[in-house]
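Reader: I'm new to these pictures and I keep tripping over the vocabulary. Could you show me the model and go through the terms with me?

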Number of protein chains: 2
Amino acid sequence: MTRPKVKRPRSRRGEGDKLREEILDATEALLSQTADRRAVSIRAVADAVGVTAPSIYRHFPDKRALLMAACQRHFDDLQQRLEKMASVAEGPIDALRETGHAYLDWGMDNPEEYRIMFMTRPESDAVTDGEEMDYSDTIGPGTAFGALISMIDTGLQAGEIRADRNIFDVAIAVFSLVHGVTSLAISNDPQFFPRTDAHRTLDLLMDWTFAGLAPAGLDS
Amino acid sequence: MTRPKVKRPRSRRGEGDKLREEILDATEALLSQTADRRAVSIRAVADAVGVTAPSIYRHFPDKRALLMAACQRHFDDLQQRLEKMASVAEGPIDALRETGHAYLDWGMDNPEEYRIMFMTRPESDAVTDGEEMDYSDTIGPGTAFGALISMIDTGLQAGEIRADRNIFDVAIAVFSLVHGVTSLAISNDPQFFPRTDAHRTLDLLMDWTFAGLAPAGLDS
DNA sequence: TGTACATCAGTGAACGCGCGTTCACTGATGTAC
DNA sequence: TGTACATCAGTGAACGCGCGTTCACTGATGTAC
């Protein structure tokens with residue numbers, strides 16, 4: 001990891017932005033492979049790219065900005081996956097279930113990214129160590145949370161979800177439910193809480209939830 | 001924080017263990033006040049106690065051991081609180097609801113401790129940065145999770161919980177539900193997800209859950 | 001077609017910092033005679 | 001009751017490390033004349 005690996009050939013004039021992309025790729029790869037944010041240092045990233053540390057500063061003002069940029073990519077990836085799942089589903093309840101499981105899978109596949117994005121302390125300092133998030137990018141329209149809101153809204157319109165609930169409250173509750181299983185799954189020894197158990201737990205919670213959300217006390 | 005503060009008077013012969021307790025107290029206080037594990041360095045702890053850094057090593061072999069000891073105290077504290085809530089409650093369903101809210105309050109009051117105990121990556125490395133937990137101390141009898149199991153069991157005996165559920169599955173589901181709200185509450189700007197909202201969300205989820213757990217499809 | 005030059009991508013060395021930890025020590029205090 | 005001494009609680013200085021970041025620089029490359 002500290003060995004110089006491959007010496008990257010210098011980009012040609014006007015192609016300096018290539019390095020920017022390579023740096024982001026390396027940052028993601030490092031985070032994903034080590035599953036440990038402490039392994040993602042400026043030096044380690046530079047090393048993985050095959051470049052020296054100061055080169056990073058030609059493309060990002062500081063470490064914070066680098067991590068923010070990498071995290072934004074993850075957000076976009078997650079959102080696209082969820083929207084894809086939702087578009088394929090048969091009806092809003094099915095969409096909620098499917099996206100819930102997809103979300104869980106994504107978290108389990110990207111545990112450290114998940115921790116950074118959804119499990120770090122609020123405010124400024126999180127960033128040195130992880131990421132500070134702009135909430136308007138998190139819950140606004142065109143985001144993962146926005147997609148959740150619209151699924152629930154569709155359910156309401158279709159009469160599959162009881163209409164006496166505040167839609168935002170329901171969304172927060174459903175989100176915290178899925179987040180609970182995901183966060184538990186990646187904070188424990190896989191032997192203690194294996195992947196199939198996580199999905200089973202989510203299913204059980206969804207059963208309860210959709211019984212509670214059903215208009216006439218019917219199970220979904 | 002780097003200033004020497006008060007110079008602690010040396011303990012008398014045979015009273016060396018006093019410092020051990022003071023070190024643990026200072027560790028907890030530092031963690032609680034800063035809500036940032038990075039602020040809890042050997043030097044900072046020593047400083048808070050009014051002693052030099054090497055003195056710590058007379059009482060703890062390394063930083064890991066110090067943090068483990070401090071965390072064990074937190075576990076004991078949480079467990080005692082939950083058992084107290086459970087003993088006061090009127091019936092098992094009420095006990096589950098009350099302990100759920102007490103758990104949420106505890107997490108919100110001790111966010112960094114909660115993160116260390118329930119939200120760090122599994123395995124060895126968590127400790128340098130937080131804590132590795134011995135699961136037999138976490139889910140065995142006489143623990144917080146053990147208390148949850150026994151509440152559900154009481155509910156089953158009393159006929160207030162449907163008997164066709166695997167008790168362990170139900171316990172994991174209930175735990176991950178409460179954990180979800182707690183973890184969400186302490187990972188976001190309090191302005192975005194205030195304390196009352198967290199309790200309201202938990203209530204909603206509990207409503208769904210107890211509808212699902214009720215024997216005859218009745219609400220709790 | 002040849003050459004001088006500005007530009008641009010990236011380097012090498014060093015900075016100051018806080019960290020966990022080690023080591024040889026000091027000096028107060030209880031105890032044995 | 002007095003004194004020598006072993007013990008014990010804690011100190012002061014230093015170690016090596018990895019970190020983010022800065023600074024003056026180098027040398028290849030495209031462009032203007």
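Author: Sure, let's begin with two rings: B:Y103 is buried, and B:F118 is buried as well. Buried means under 20% relative accessible area, exposed means over 50%, and partly exposed is what lies in between (1.4 Å probe, protein chains only). Keep in mind that this is a predicted model: local features need pLDDT of at least 70 and side-chain atom pairs count only at pLDDT 80 or more, while totals for chains, interfaces and linings use all residues. As for labels, residues are numbered from 1 along each chain as its sequence is written, chains are lettered from A and ligands numbered from 1 in the order in which they are written, and side-chain values use heavy atoms, with hydrogens and water left out.

Reader: How many aromatic pairs are there over all chains?

Author: The count is 16 over all chains. The rule takes rings of Phe, Tyr and Trp (its six-membered ring) whose centres lie within 6.5 Å; planes under 30 degrees apart make the pair stacked, over 60 edge-to-face, and the rest tilted.

Reader: What makes the pair of A:F145 and A:F175 edge-to-face?

Author: The ring centres of A:F145 and A:F175 are 6.0 Å apart and the planes stand at 90°. Set that against the limits of within 6.5 Å and over 60 degrees, and edge-to-face is the right word. The two residues sit in distant parts of the chain, 30 residues apart: A:F145 in helix α9 (residues 144-157) and A:F175 in helix α10 (residues 167-185), both of chain A. Helices here are DSSP runs (H or I, at least four residues; strands are E, at least two), numbered from the N terminus.

Reader: Are A:F145 and A:F175 buried or exposed?

Author: A:F145 has a relative accessible area of 8%, so it is buried. A:F175 has 16%, so it is buried too.

Reader: And why is the pair of B:Y103 and B:F118 called tilted?

Author: The centres of B:Y103 and B:F118 are 6.0 Å apart, but the planes meet at 45°, so this pair is tilted. B:Y103 belongs to helix α5 (residues 92-109) and B:F118 to helix α6 (residues 111-118) of chain B, 15 residues apart. Over in chain A, ring pairs link a cluster made of A:F75, A:Y103, A:Y114, A:F118, A:F145, A:F168 and A:F175.

Reader: How do you know that A:E28 and A:R73 form a salt bridge?

Author: A salt bridge is a side-chain nitrogen of Lys or Arg within 4 Å of a carboxyl oxygen of Asp or Glu. For A:E28 and A:R73 the N to O distance is 2.4 Å, so the pair passes the rule. The partners are 45 residues apart, A:E28 in helix α1 (residues 17-34) and A:R73 in helix α4 (residues 63-88) of chain A. A:E28 is buried at 19%, whereas A:R73, at 25%, is partly exposed. Over all chains the structure holds 34 salt bridges.

Reader: Which two chains does the salt bridge of A:R121 and B:E112 join?

Author: It joins chains A and B: A:R121 is in the loop between α6 and α7 (126-129) of chain A, and B:E112 is in helix α6 of chain B. Their side chains meet at 2.9 Å, N to O. A:R121 is buried at 12%, and B:E112 is buried at 0%.

Reader: Now the DNA. Which residues come nearest to strand D?

Author: Of 23 residues around DNA strand D, the nearest are A:R13, A:R43, B:R8, B:S55 and B:R58. To be near a molecule or strand, a residue needs a heavy atom within 4 Å of it.

Reader: What makes B:S55 a polar contact of strand D?

Author: A polar contact is a pair of N or O atoms within 3.5 Å; within protein, one must be able to donate a hydrogen and the other to accept it, and residues adjacent in sequence count only if both atoms are side-chain atoms. A polar side-chain atom of B:S55 is 2.7 Å from a phosphate oxygen of DNA strand D, so it fits. A polar side-chain atom of A:K63 is also 2.7 Å from a phosphate oxygen of that strand. B:S11 uses a polar backbone atom instead, at 2.9 Å.
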